[in-house]
Amino acid sequence: MAAPLVLISHGNLCVELKKSVELIMGPQPDIRTVALEPKAGPAEFLAEFTQATEDLEDFVVFADLYGGTPCNVAAKLLLGGATFKLYAGMNMAMVIDYLNAAMLGQDPNPVSGGTNGICDVNAQLQQLTDDD
Amino acid sequence: MSIIGTRVDGRLIHGQVANLWVTKLQISRIMVIDDDVAESQIEKSGLKLATPAGVRLSVLPVAKAADHILAGKYDSQRLLIVVKEPKYLVQLVEAGVQLADVNVGTLARGNAQKTVTHQISVTAEDIADFKQLDEKGVHLFAQLNPSVKAEDFMKLLQS
């Protein structure tokens, strides 16, 4: 059983990303989200993050942006001794790859899962080959 | 026989098919069977773009698809057949290809006779085709993704 995911972001990106992923992967009751509200600061975000994860022994966090407040708050927890895994630069491919790895019982690799989803589509179009 | 899954999907290859079912069923080749799409270079290129890395793709008219499958061309591969319309599956079965079960995913018809679920509406021809598949012993089910229960499609069609 893969560790549950916690998505964190500036504003509702995490909430909506979860919904978008559910369009493809079906309901994901185990994915949690913590959004940094426009008027909230690190202290409020820390409180919400702690509350959202306090009943979890092991979990994996995807943050929207390296260096942004949600990621920084989570990183500080790691510096303070927390042991969850934290990845920044989350995207739809990263979340889907994580869920697929869990489904197949494989170890997820969110960095490759996320970056593999980024490509120059025009260049791909040039490389199409036939194979029936 | 190397047919791991068969899906009716009006959108052919899209998020659910490419990211979810291909992974879940560990598919090595997607085969789109459609006489019109197989004639269109643009549609074929679009399908290639939508096919996940590492998965191969065939886009074939139904007669050629049946020939290839019956000749054992894909026996060492894990095949996912995808069609927009059930009529191609009827033709495939009539040509001698054995289909154990078919997942009816999404099918949105402009001239629908009946709405079966949120994602599925069918024409009178579709209904006749599904009945024929059922009579030929093909198990038809509807399951959008593995986390929801598979439903008996013929029961949905009759309700």
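Let me begin with a definition: two residues are in contact if their C-beta atoms, placed from the backbone, lie within 7 Å. With that in hand, the contact between chain A and chain B takes 15 residues from chain A and 16 residues from chain B.

Please keep in mind that this is a predicted model, in which local features need pLDDT of at least 70 and side-chain atom pairs count only at pLDDT 80 or more, while totals for chains, interfaces and linings use all residues. Residues are numbered from 1 along each chain as its sequence is written, and chains are lettered from A, with ligands numbered from 1, in the order in which they are written.

Helices and strands are DSSP runs numbered from the N terminus, helices being H or I with at least four residues and strands being E with at least two. On the side of chain A that touches chain B, the elements giving two or more residues are α1, α4 (92–104) and α6 (121–126) of chain A, and α4(A) gives the most, with four residues. By class, this side of chain A has 10 nonpolar, three polar and two charged residues, where Ala, Val, Leu, Ile, Met, Phe, Trp, Tyr, Cys and Pro count as nonpolar, Asp, Glu, Lys and Arg as charged, and the others, Gly among them, as polar.

How do the two α1 helices cross? The axes of α1 of chain A, residues 13–25, and α1 of chain B, residues 15–24, come within 8 Å and cross at roughly 75°; axes here are lines fitted to C-alpha atoms, for helices over the stretch in contact, and angles run from 0 to 180 degrees between N-to-C directions. That makes α1(A) roughly perpendicular to α1(B), a term that covers 65 to 115 degrees, whereas angles under 35 count as roughly parallel, those over 145 as roughly antiparallel and the rest as oblique. In this crossing, A:Leu23, A:Ile24 and A:Met25 meet B:Gly15, B:Gln16, B:Asn19 and B:Leu20, and by class the contact has four nonpolar, three polar and no charged residues.

Turning to the sheet of chain A, four strands form an open sheet in the order β2-β1-β3-β4, with parallel pairing, and two strands pair if DSSP finds at least two bridges between them. Because β2 (32–36) and β4 (85–88) of chain A stand at the edges, each with a single partner strand, one side of each is left without a neighbour in the sheet. From one strand to the next, the twist averages 20°. Strand β1 of chain A, residues 5–10, is joined to β2(A) by five bridges and the two run parallel, with A:Leu7 having A:Thr33 as its bridge partner in β2(A).

In chain B, seven strands form an open sheet in the order β3-β2-β4-β1-β5-β8-β9, and the pairing is mixed. Its edge strands are β3 (56–60) and β9 (151–152), each of which pairs on one side only. Strand β8, residues 139–142, pairs with β9(B) in the antiparallel sense over two bridges, and B:Phe141 has B:Asp152 as its bridge partner in β9(B).

As for β1(B), five bridges join it to β4(B) and three join it to β5(B), and both pairings run parallel. The helix α1(B), which we met at the crossing with α1(A), lies across β1 (3–9), β2 (29–33), β4 (79–83) and β5 (101–106) of chain B, running at about 160° to β1(B).
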